[in-house]
Amino acid sequence: MSEKRSPYLTEETGLMDSVDDHAEFSAPSGTPVDLDRIRRAVREILAAVGEDPDREGLLETPDRVARMYAEVFSGLHTEPRQYLKKTFTQKYDEMVLVKDIRYESFCEHHLLPFTGVAHVAYIPNGKVVGLSKIPRVVDALARRPQLQERLTEELAELLMSELDAKGVAVIMHGSHSCMTIRGVHKPGATFVTSAMRGLFKERLATRSEVLALIQGKNGESL
Ligand SMILES: [Zn+2]
């Protein structure tokens, strides 16, 4: 039936997301970030470490870094709640799990990137959200100076309160450049954080179920 291709379905499946994704995260034009201030600061850092900011290879570096910061910290100017406002009434009250959501963030202690995947599960209480919205919430929270622990908790709290869910589980894996290129120099070490709320915290069986689902191989139907 032709009604199956309604705009509603298109938006639900996230097919319409690519245009505003671009506007939101990639284009620094119109950014509230003070690009000029970053350019001056980067020149200053280059001089401070003993470089010559005026040598050819570095001439455009302050501008590139300013634009990069506008992009990677764009979450500071994005309200993650906006993605959870539009919910659908649904009687489904089993677990919904979105696995392997890639994220990129910056550790607030060193301003170095940490990257990894987030697994997000919730048990609806009559309200479900379009699945493409959860990765957007992850991005909005990740694209700011962060700590993986806080990112994990903020994500769980936000989903719990905005969706009025019966339970939320967030498990994040992260590889931190501040542990690999400096300090203890331990490449390959993965940092795992988790936040369990509601039924996932109260019921061992529910918690075990989500952990088993997360550990299942991609594409495996359980
Ligand atoms: Zn760090």
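**Exercise 1. The loop between S2 and S3**

Task: In this predicted model, find the loop in which Leu111 lies, and decide whether Leu111 is buried or exposed.

Solution: Begin with the location, for Leu111 is found in the loop that lies between strands S2 and S3. These two strands form a hairpin with four residues between them. Next, look at the backbone of Leu111, where phi is near 55°, which is a positive value in a residue other than glycine. Finally, count the neighbours: 12 other C-beta atoms lie within 10 Å of Leu111, and since a residue counts as exposed if the number is 12 or fewer, Leu111 is exposed.

**Exercise 2. A second residue with positive phi**

Task: Determine where Asp164 is found, and whether Asp164 counts as buried or exposed.

Solution: Following the chain, you find Asp164 in the loop between helix H6 and strand S6. Its phi is positive, at about 55°, although Asp164 is not a glycine. For the last step, take the C-beta neighbours of Asp164 inside 10 Å, of which there are 12, so that Asp164 counts as exposed.

**Exercise 3. Building the sheet strand by strand**

Task: Work out the order of the five strands in the open sheet, and say which of them are the edge strands.

Solution: The pairings can be taken one at a time. Strands S2 and S3 pair in the antiparallel sense over 10 bridges, and within this pair Ile101 stands opposite Ala118 in S3. On the next step, S3 is joined to S6 by 10 bridges, and these strands run antiparallel; here Ala118 stands opposite Met172 in S6. Strand S6, which covers residues 167-176, then pairs with S7 in the antiparallel sense over eight bridges, and Gly167 stands opposite Gly198 in S7. The order of the whole open sheet is S5-S2-S3-S6-S7, and its pairing is mixed. The edge strands are S5 (145-146) and S7 (191-198), each of which pairs on one side only.

**Exercise 4. A helix on the sheet**

Task: Identify which strands helix H5 touches as it packs on the sheet, and give the angle between the directions of H5 and S2.

Solution: Helix H5, made of residues 133-142, packs on the sheet and touches strands S2 (96-107), S3 (112-123) and S5. Comparing directions, you find that H5 makes an angle of about 20° with S2.

**Exercise 5. Two helices that cross**

Task: Describe how H5 and H6 are oriented to each other, and which kinds of residue form their contact.

Solution: First consider the axes, since those of H5 and H6 (residues 148-163) come within 10 Å and cross at roughly 135°. H5 and H6 are therefore oblique to each other, and their crossing is right-handed. Then list the residues that meet: Val137, Val138, Leu141 and Ala142 in H5, and Leu151, Glu154, Leu155 and Leu158 in H6. Sorted by kind, the residues of this contact divide into seven nonpolar, no polar and one charged.

**Exercise 6. The chain as a whole**

Task: State how many helices and strands the protein chain has, and what percentage of its 222 residues is buried.

Solution: The secondary structure of the protein chain comes to nine helices and seven strands. Of its 222 residues, 24% are buried. As a last step, consider the contacts with a separation of 6 or more, of which 71% are between residues 24 or more positions apart.

Definitions and conventions. Residues numbered from 1 in each chain as written. Predicted model: local features only at pLDDT ≥ 70, side-chain atom pairs only at ≥ 80, totals over all residues. Pairing = 2+ DSSP bridges. Contact = placed C-beta atoms within 7 Å. Axes fitted to C-alpha atoms, helices over the stretch in contact; angles between N-to-C directions. Buried ≥ 20, exposed ≤ 12 C-beta atoms within 10 Å, placed from the backbone. Parallel < 35°, antiparallel > 145°, perpendicular 65-115°, else oblique. Left-handed = near helix turned anticlockwise from the far one by under 90°. Nonpolar A, V, L, I, M, F, W, Y, C, P; charged D, E, K, R; others polar.
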